[in-house]
Amino acid sequence: MNKNKEKIQTMFGWLFQPWTDANDDSYASQKTGSGSTGISLIWDWDAGTPSGDLPFKYIPRTIKDIFRVKKNYSLISKLKTVNTMCIKPLLRRQLHWTSNFGSCNGGEFYTFDWLTLKVNYSNSSWAFDTYQQTNFYERYIWDKNFRVVRSEYFYHGIAEKRRREISEDEHDLGVEKLQREYEERMEDYDDE
């Protein structure tokens with residue numbers, strides 16, 4: 001069986017060679033006017049979808065950007081990039097994307113499950129670089145609002161090497177204590 005498969009690959013390998021060799025990077029190297037090489041990034045739908053939106057309507061924007069940025073590349077290279085960045089992710093059971101990435105709250109990480117038709121996301125908020133609260137939300141695609149499924153609370157102490165999961169009460173008391181200490185220090189600072 002393997003010999004037969006190898007024989008077919010060597011017989012028709014030339015037919016698929018352009019596809020195999022095509023560049024499918026999410027950026028394009030281009031020569032600038034001064035002779036140096038610059039890199040143009042392709043707008044990626046899975047990193048630029050607004051909060052709460054399903055990403056399907058943003059995929060055509062990525063396809064358009066692939067053809068704009070990779071204008072000096074072959075058609076096969078453009079099509080392979082479209083396949084890698086836009087088509088393959090849609091064929092998985094779960095579709096993943098981010099929103100508000102790089103914000104002070106750490107961004108939102110979304111998942112759409114084709115079998116359950118649910119959209120899930122998680123979001124972390126921090127207090128004083130020590131206490132972390134992570135909320136997990138979900139909704140069906142026909143619902144407008146997300147509902148909280150569960151919350152997790154963590155303490156990241158300076159002396160501890162790992163984060164420690166704590167209860168909601170411990171989290172709230174710890175944040176309140178740090179808030180009072182901060183306000184007292186600020187009052188002392190204002191008195192000086």
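Trainee: Asp113 first. Buried or exposed?
Mentor: Buried, because its relative accessibility is 6%. Keep in mind that this is a predicted model.

Trainee: Which residue does Asp113 form a salt bridge with?
Mentor: Arg93. The closest N and O atoms are 2.9 Å apart. The pair links distant parts of the chain, 20 residues apart. Asp113 lies in strand E4, and Arg93 is in the loop between helix H4 (75-87) and E3.

Trainee: And how does Arg93 count?
Mentor: As partly exposed, because its relative accessibility is 47%.

Trainee: How many salt bridges does a search of the whole structure find?
Mentor: It finds 5. Another one joins Arg147 and Glu138, with the closest N and O atoms 2.5 Å apart. Glu138 is buried at 12% relative accessible area. Arg147 is partly exposed at 46%.

Trainee: Which residues are linked in a network with those two?
Mentor: Lys118 joins Glu138 and Arg147 in a network of salt bridges.

Trainee: Why can such side chains pair at all?
Mentor: Opposite charges can pair when the charged atoms come close.

Trainee: Switching to helix H3. Which residues are buried there?
Mentor: In H3 (residues 59-69), Ile59, Thr62, Asp65, Ile66 and Val69 are buried. They cover an arc of only 115° around the axis, so they sit on the same side of H3. Pro60, Lys64 and Arg68 are exposed on the other side.

Trainee: Asp65 is an acid. What does it form a salt bridge with?
Mentor: Arg68, with the closest N and O atoms 2.6 Å apart. They are 3 residues apart in H3, so about one helical turn separates them. Asp65 counts as buried because its relative accessibility is 10%.

Trainee: Now the sheet. What is the strand order?
Mentor: E3-E4-E5-E6-E7-E8, an open sheet of 6 strands with antiparallel pairing. The edge strands are E3 (94-99) and E8 (164-166), each pairing on one side only. The twist averages 25° from one strand to the next.

Trainee: How many bridges pair E7 and E8?
Mentor: E7 (residues 147-155) pairs with E8 over 3 bridges, in the antiparallel sense. Phe154 stands opposite Glu165 in E8.

Trainee: Last topic, the surface. Which residues make the nonpolar patch?
Mentor: Leu117, Tyr140, Ile141 and Trp142 make a patch of about 370 Å².

Trainee: Where is Leu117 found?
Mentor: In the loop between strand E4 (108-113) and strand E5 (118-127). Leu117 counts as partly exposed, because its relative accessibility is 30%.

How values were computed:
Residues are numbered from 1 along each chain as its sequence is written. This is a predicted model: local features need pLDDT of at least 70, side-chain atom pairs count only at pLDDT 80 or more; totals for chains, interfaces and linings use all residues. Side-chain values use heavy atoms; hydrogens and water are left out. Two strands pair if DSSP finds at least two bridges between them. Helices (H or I, at least four residues) and strands (E, at least two) are DSSP runs, numbered from the N terminus. Axes are lines fitted to C-alpha atoms, for helices over the stretch in contact, and angles run from 0 to 180 degrees between N-to-C directions. Patches are made of residues with over 30% relative accessible area and no salt bridge: like charges are joined within 9 Å, nonpolar side chains (Val, Leu, Ile, Met, Phe, Trp, Tyr) within 5 Å. Accessible areas come from the Shrake-Rupley method with a 1.4 Å probe; for residues, only the protein chains shown count as cover. A salt bridge is a side-chain nitrogen of Lys or Arg within 4 Å of a carboxyl oxygen of Asp or Glu. Buried means under 20% relative accessible area, exposed over 50%, partly exposed in between (1.4 Å probe, protein chains only). The arc is that of the directions from the helix axis to the C-beta atoms.
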